[in-house]
Amino acid sequence: MEAAENYRRLREEIPEYVTIVVAAKTRTAEEVSAVVDAGATDVGENYVQEGMEVKGALGDSAGRARWHLIGPLQKNKVNKALATFDVIQTVGDYEIAEAIDKRVERAGRDVVPVYLEINIGSEATKYGLRPDYGLIEGLVRRISRNLTHLRIEGLMTMGPRSGDPEDLRPYFRRTREIFERLRDLDLPGVDMRVLSMGMTGSYRVAIEEGSNMVRIGTAIFGARA
Ligand SMILES: *Cc1c(COP(=O)(O)O)cnc(C)c1O
């Protein structure tokens with residue numbers, strides 16, 4: 001399978017400390033399964049329903065990967081998300097954080113790792129926190145104080161769309177600065193260790209700017225239909 005081969009080649013190219021999340025949106029369970037069989041450790045899905053279906057279809061081998069929600073989460077999907085995903089990368093406001101926190105125990109879990117999604121380009125069309133450090137620190141402190149079933153483990157960002165990955169460098173750099181400041185607060189329930197940034201077109205620049213988790217779809221599966 002070409003996707004399996006692409007994954008292996010990427011895994012050799014990308015430094016070991018960088019986690020590769022296989023961005024599986026629109027791909028069939030067969031396609032995802034081939035990449036998990038090739039050794040993929042982490043799979044990302046944008047939609048709760050699609051994630052449930054693909055993970056369900058993988059059966060036992062699904063357990064070999066960690067499952068990440070990498071698309072926005074609606075409140076009415078939180079229970080299903082908690083039943084499917086190990087990590088939620090897309091917390092962008094207190095409301096959704098609280099909605100998750102409330103349902104963690106009912107999902108039979110103790111603590112759920114989450115990342116805050118930063119809309120680093122302040123784009124009107126994108127979900128996530130504006131890159132206003134004060135605002136972000138305020139949210140982190142509020143979650144740390146009140147929501148004991150969440151553990152903030154990182155930041156996730158997409159960055160503006162661009163043909164030239166060099167254009168994204170300043171956005172990645174800025175995200176890393178926010179990441180380091182939050183890490184240095186050393187708050188309870190906050191264990192800042194993952195910087196999730198970089199996709200097919202931008203992962204090299206993202207890694208140069210401090211990313212330790214890239215989310216890659218096209219370079220593994222080919223262009224989406
Ligand atoms: C689709 C997607 C990716 C991967 O994009 P590619 O360019 O196909 O590698 C990464 N992150 C998120 C949030 C996505 O929706």
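Residues of the ligand shell are classed here as nonpolar (Ala, Val, Leu, Ile, Met, Phe, Trp, Tyr, Cys and Pro), charged (Asp, Glu, Lys and Arg) or polar, the last class taking the others, Gly among them. In this predicted model, the shell around the ligand comprises five nonpolar, four polar and three charged residues. Its members are A23, K25, N46, I70, M158, M199, T200, R215, I216, G217, T218 and R224.

Three members of the shell are considered here for their polar side-chain atoms. The side chain of T200 places an N or O atom 2.5 Å from an oxygen atom of the ligand. For T218, a polar side-chain atom is found 2.6 Å from a ligand oxygen atom. R215 approaches a nitrogen atom of the ligand instead, with a polar side-chain atom at 2.9 Å. The ligand taken alone exposes 380 Å², of which 92% is buried by the protein.

The ligand occupies the largest pocket, in which about 620 Å³ of space lies. The pocket is lined by 23 residues, and those closest to its centre are M158, R161, M199, T200 and R224. Of these, M158, M199, T200 and R224 also belong to the residues that surround the ligand. T200 thus combines a position among the residues closest to the pocket centre with the 2.5 Å separation from a ligand oxygen atom. By class, the lining of the largest pocket consists of eight nonpolar, nine polar and six charged residues.

Key:
Residues numbered from 1 in each chain as written. Predicted model: local features only at pLDDT ≥ 70, side-chain atom pairs only at ≥ 80, totals over all residues. Heavy atoms only, no water. Near = heavy atom within 4 Å. Polar contact = N/O pair within 3.5 Å; in protein donor to acceptor, adjacent residues only side chain to side chain. Areas by Shrake-Rupley, 256 points an atom, 1.4 Å probe, with all protein chains shown as cover. 1 Å grid on protein atoms, 1.4 Å probe; cavity = no way out; pocket = protein on both sides within 12 Å on 5 of 7 lines; lining within 4 Å. Sits in = over half its atoms within 2 Å of the grid points. Points joined across faces, edges and corners; volume = space filled by probe spheres on them.
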